[in-house]
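Welcome! Please take a look at the sequence and the model below, and then try the exercises with us.

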Amino acid sequence: MIVLAIDTAGVDCSAALYDSAGGQVLSVVTDAIGKGHAERLMAVIDEALEEAGLALQSVGRVAVVIGPGSFTGIRVGVAAARGLALVLGVDCVGVTTLETLAQRYLVDHPDKPVLAAMDAKRNEVYTQAFSSAGEPLTEPAALSPDEVSALAEELGAALTGSWATSPEERLRDAFEGRDRFDIRTVARLGAQKPVDGQRPKPLYLRGPDAKPQTGFALARA
């Protein structure tokens, strides 16, 4: 099965093609744009297909990163993935940013549990714990830094993600302190996901930062 993986949940606009039968990543295209995912995504998908030497009709499943992350970016990716799956008549599955961070970490550090911890600003951390085998130990949640530290200590877990990195490590990245989600890992996870017939939905762990203004409505006569 050929899996098309899409990520627009962070600073990257990414797509990859993955052959689940051979366990092989066929192509990867990642553009670290920060914003403007809606304008760039379809071109990135076309580039990934061209690099893999495949037509869109070869895709047997679409996997998309559903968050938590950028509100606008997540909506762009989920809408595109669902639309492509509908046109192609194939399954569409969601992969979270937290499981992507955890699974990528466990590839090189398989000996202990891991806590995926994304800096959510406003003194909150998007967090989920996973066993050394990659199984979720907790549900995704927005926790306080103290709660994250206590959970990591309780589980004896390592930390990965933007909240876990030092300022020196963040400065090595062009997008200081922001999470990046490995599209290869997204593709592999998407190929393994069970299909339940439900379309993927954005995973938001809190409300949007932008709030509609109130108090400006004219009183009715």
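The exercises below go from model confidence to one helix and then to one residue.

This is a predicted model, in which local features need pLDDT of at least 70, side-chain atom pairs count only at pLDDT 80 or more, and totals for chains, interfaces and linings use all residues. Residues are numbered from 1 along each chain as its sequence is written, and side-chain values use heavy atoms, with hydrogens and water left out.

**Exercise 1.** Find the average pLDDT of the protein.

Solution. Start with the term: pLDDT is the predictor's confidence in each residue, from 0 to 100. The average is 90, and 87% of the residues score at least 70. Next, look at residues 210–221, where the pLDDT is below 50. Beyond near neighbours in sequence, this stretch has zero contacts (heavy atoms within 4.5 Å) in the model.

**Exercise 2.** Decide whether Glu99 is buried or exposed.

Solution. First, locate Glu99: it lies in helix H3 (helices are DSSP runs of H or I, at least four residues, and strands are runs of E, at least two, numbered from the N terminus). Then apply the cut-offs: buried means under 20% relative accessible area, exposed over 50%, partly exposed in between, with a 1.4 Å probe and protein chains only. Glu99 has 11% relative accessibility, so it counts as buried.

**Exercise 3.** Trace what the side chain of Glu99 reaches.

Solution. Begin with the backbone nitrogen of Thr96, reached at 2.8 Å. Then turn to Lys193, whose side chain shares a polar contact of 2.9 Å with that of Glu99. A polar contact is a pair of N or O atoms within 3.5 Å; within protein, one must be able to donate a hydrogen and the other to accept it, and residues adjacent in sequence count only if both atoms are side-chain atoms.
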